[in-house]
Amino acid sequence: MENYHLNYSMNTQPVPQKTKKSRNILFSQKVAPYIFVSPFIISFLVFFLYPSISTIIMSFQEVLPGETKFIGLQNYKKLLNPHFYAALRNTTIYTIWTLVILIPLPLVLAVILNSKVIPGRNFFRSAYFIPALTSTIVVGVIFRLIFGELESSPANMLMKALGLHAQQWTMHWGTGMFLMVFLASWKWLGVNILYFLSGLQNIPKELYESAEMDGAGVFTKFFRITLPLLKPVTIYVLTISIFGGFRMYEESFVFWQNQSPGDIGLTLVGYIYQEGFMNNDMGFGSAIGIVLLAIVLVINLIQLKFTGAFKKEG
């Protein structure tokens with residue numbers, strides 16, 4: 001009995017005051033939220049804010065191995081050259097084409113796949129998403145074989161079967177742009193379909209039933225119900241598509257490896273890599289990156305303003 005009381009007294013010793021205070025701090029409603037968000041804050045500071053500030057600083061410097069010299073706006077003045085203009089033109093046209101294809105087409109396909117009358121719709125949903133899981137580099141190798149310069153390549157054989165001339169697909173600006181847009185559309189079509197499908201499934205079915213009772217047809221329901229209620233999803237897809245278009249690099253690299261004839265495949269990100277790493281001019285590469293950041297930011301702010309994303313509801 002004495003041993004029992006001794007063990008009980010030892011197990012019920014009071015918790016030290018310091019331990020109680022530390023527990024109270026960790027589980028307090030004021031401190032706990034900061035603990036949970038700290039991984040994001042740390043990763044944001046280390047992987048985004050610090051590199052961004054360093055890039056801005058380097059854009060005003062001449063960065064050489066073992067030597068850094070402040071040169072003011074000289075790197076930005078160097079942007080006024082034909083290579084930068086070609087990269088900006090290619091990137092802008094590429095982005096416009098991807099917006100024209102990768103917003104209306106996925107929207108229409110999502111509406112079709114959301115219909116119950118389509119047989120095997122779950123299979124097609126999965127099939128459309130498979131390209132997004134594949135590596136762009138691997139797919140690019142296959143595309144280079146399909147659109148090869150030889151007359152025996154599958155694309156040229158199809159052209160001849162249609163009575164058209166064989167093409168040197170990677171040697172001309174128009175065909176080169178077609179290859180980049182086609183590869184991007186093939187890869188990202190399924191992702192945008194998934195976004196629109198998630199938005200369509202949140203639209204109440206009662207709205208369509210009420211519209212049918214009032215005699216509304218397919219097109220009336222699409223333009224009066226589907227499109228307005230998909231506006232938040234459409235704005236999101238438009239925003240990430242603009243960002244994805246201007247940050248494009250892989251689609252160009254798989255066809256030309258930063259050596260496109262006449263800069264027909266040069267993009268802004270490719271130009272950053274070319275100047276910053278291949279030519280070892282990190283200051284000039286940083287200036288290109290800052291200009292690219294400003295272009296994407298301004299364009300997205302403008303489209304968000306015109307689409308009403310900044311308006312308060314109610």
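A salt bridge is a side-chain nitrogen of Lys or Arg within 4 Å of a carboxyl oxygen of Asp or Glu. In the structure described here, which is a predicted model, aspartate 281 forms such a bridge with lysine 78, and the closest N and O atoms of the two are 2.8 Å apart. Aspartate 281 belongs to the loop between helix 15 (268-278) and helix 16 (282-306), whereas lysine 78 belongs to the loop between helix 4 (74-77) and helix 5 (82-102), so the pair ties together parts that are 203 residues apart in sequence. With a relative accessible area of 17%, aspartate 281 is buried, while lysine 78, with a relative accessible area of 37%, is partly exposed. Lysine 78 also takes part in another kind of arrangement, since it lies over the face of phenylalanine 284, at 4.7 Å from the ring centre.

By the rule stated at the outset, the count comes to five salt bridges. One of them joins the side chains of arginine 247 and glutamate 250, with a distance of 3.5 Å from N to O. Arginine 247 is partly exposed, its relative accessible area being 36%, and glutamate 250 likewise counts as partly exposed, at 27% relative accessibility.

A further salt bridge, 3.5 Å from N to O, is made by the side chains of lysine 69 and glutamate 62, and these residues also belong together in the backbone, where lysine 69 of strand 2 is the bridge partner of glutamate 62. Strand 1 (residues 61-64) and strand 2 (residues 67-70) pair in the antiparallel sense, over four bridges. The two strands form a hairpin with two residues between them, and in the turn glycine 66 has a positive phi of about 80°. Lysine 69 counts as partly exposed at 42% relative accessibility, and glutamate 62 is partly exposed as well, with a relative accessible area of 29%.

Beyond the hairpin, the UniProt record, an unreviewed entry, places the feature "domain: ABC transmembrane type-1" at residues 88-303. Over residues 88-303 the chain is 75% helix and 0% strand, and the C-alpha atoms at the two ends are 19 Å apart. Helix 14 (residues 250-256) contains serine 252, which counts as buried because its relative accessibility is 8%, under the limit of 20%. When residues up to four places away in sequence are not counted, serine 252 touches Met180, Gln257, Gly265, Leu266 and Thr267.

Aromatic residues were examined in the same model, and a search of the whole structure finds 20 aromatic pairs. In one of these, the rings of phenylalanine 222 and phenylalanine 223 have centres 5.1 Å apart and planes at 85°, so the pair is edge-to-face, as the angle is over the 60 degrees that this description requires. Phenylalanine 222 is buried, with a relative accessible area of 18%. Elsewhere, one aromatic cluster is formed by Phe143, Phe147, Trp169, Phe178, Phe182 and Trp186. A charge is also placed over a ring at tryptophan 188, where the charged end of lysine 187 sits 5.2 Å from the ring centre.

How values were computed:
Residues numbered from 1 in each chain as written. Predicted model: local features only at pLDDT ≥ 70, side-chain atom pairs only at ≥ 80, totals over all residues. Heavy atoms only, no water. Pairing = 2+ DSSP bridges. UniProt positions renumbered as here; feature names shortened; annotations may be inferred. Phe/Tyr/Trp six-rings, centres within 6.5 Å; stacked < 30°, edge-to-face > 60°. Buried < 20%, exposed > 50% of the residue type's maximum accessible area, 1.4 Å probe, protein only. Lys NZ or Arg CZ within 6 Å of the ring centre and 35° of its normal. Contact = heavy atoms within 4.5 Å.
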